[in-house]
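Me: I would like to learn how to read a model of this kind feature by feature, with the general idea given before the particular case. Could we go through the structure together?

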Amino acid sequence: QVQLVESGGGLVQPGGSLRLSCAASGTIFSINAMGWYRQAPGKQRELVASITSGGSTNYADSVKGRFTISRDNAKNTVYLQMNSLKPEDTAVYYCRPGSSHGSRWYDYWGQGTQVTVSS
């Protein structure tokens, strides 16, 4: 059974930084692409960053240049470094596994971690 545990969220001022972590178990982590999604109140969940099994990355335009996704296959963990945070980044952040190149995303979700950007 796939389990995903997100952590690292919190309250941060605009312009600040946070590093999110997602620990995965129950899957052969190294062959999966991993994605970070977020869902703000009243909005649909959206993909903000992804990394393939080979390490190729992709970002939503809204976070490009500010967020960095990375992975540590030895720890079965994917990270999201978030810099220059804006109030519009406020959301619950989730990770999700997918096929190796990220062409298909599997229906597994963790509990999410809340990120609040506010002064």
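Me: Before the details, which strands make up the open sheet of four strands, and in what order do they stand?

Reply: The general idea is that strands of a sheet pair through backbone hydrogen bonds, either parallel or antiparallel. This is a predicted model, in which local features need pLDDT of at least 70 and side-chain atom pairs count only at pLDDT 80 or more, whereas totals for chains, interfaces and linings use all residues. Residues are numbered from 1 along each chain as its sequence is written, and side-chain values use heavy atoms, with hydrogens and water left out. Strands are DSSP runs of E with at least two residues, numbered from the N terminus, and two strands pair if DSSP finds at least two bridges between them. The open sheet of four strands then reads β1-β3-β8-β7, with antiparallel pairing. Its edges are β1 (3-7) and β7 (67-72), each with a single partner strand, so one side of each has no neighbour in the sheet. Neighbouring strands here are turned by 15° against each other on average, direction ignored, where the axes are lines fitted to C-alpha atoms and angles between N-to-C directions run from 0 to 180 degrees.

Me: How many bridges does β1 form with β3, and which residue is the bridge partner of Ser 7?

Reply: β1 pairs with β3 (residues 18-25) in the antiparallel sense over five bridges, and the partner of Ser 7 is Ser 21 in β3.

Me: What should I look for along a strand such as β7, where the side chains alternate?

Reply: In a regular strand the side chains alternate between the two faces of the sheet. In β7, Phe 67, Ile 69 and Arg 71 point to one face and are buried, while Thr 68, Ser 70 and Asp 72 point to the other and are not; buried means under 20% relative accessible area, exposed over 50%, and partly exposed in between, with a 1.4 Å probe and protein chains only. β7 is also joined to β8 (residues 77-82) by six bridges in the antiparallel sense, and one of the bridge pairs is Ser 70 with Tyr 79. The hairpin of β7 and β8 has four residues between the strands, and there Asn 76 takes a positive phi near 50°.

Me: How is the sheet of six strands ordered?

Reply: The six strands form an open sheet in the order β2-β10-β9-β4-β5-β6, and the pairing is mixed. The edge strands are β2 (10-12) and β6 (57-59), each of which pairs on one side only, and the twist averages 25° from one strand to the next. Within this sheet, β4 (residues 33-39) runs antiparallel to β9 and is joined to β9 by seven bridges, while β9 and β10 (residues 113-117) pair in the antiparallel sense over three bridges. Among the bridge pairs of β9 and β10 are Tyr 93 with Thr 113 and Val 92 with Gln 114. As for burial, eight of the eight residues of β9 are buried.

Me: Which cysteines form a disulfide, and how far apart are their sulfur atoms?

Reply: A disulfide is a covalent bond between the sulfur atoms of two cysteines. With the criterion of a pair of cysteine sulfur atoms within 2.5 Å, a search of the whole structure finds one disulfide. Cys 22 and Cys 95 form the bond, with their sulfur atoms 1.9 Å apart. Cys 22 lies in β3 and Cys 95 in β9 (residues 91-98), so the pair ties together parts that are 73 residues apart in sequence. The torsion about the S-S bond is about 50°, so the disulfide is right-handed. Cys 22 is buried, with a relative accessible area of 0%, and Cys 95 is buried as well, with a relative accessible area of 0%. Cys 95 is also the bridge partner of Trp 36.

Me: What is the nearest side chain of opposite charge to Glu 6, and how far away is it?

Reply: A salt bridge requires a side-chain nitrogen of Lys or Arg within 4 Å of a carboxyl oxygen of Asp or Glu, and Lys and Arg count as positive and Asp and Glu as negative, with His and the chain ends not counted. Glu 6, which lies in β1, is buried yet has no salt bridge, and the nearest side chain of opposite charge, Arg 45, is 7.3 Å away. A polar atom of the Glu 6 side chain lies 2.9 Å from the backbone nitrogen of Gly 112.

Note on methods:
Polar contact = N/O pair within 3.5 Å; in protein donor to acceptor, adjacent residues only side chain to side chain.
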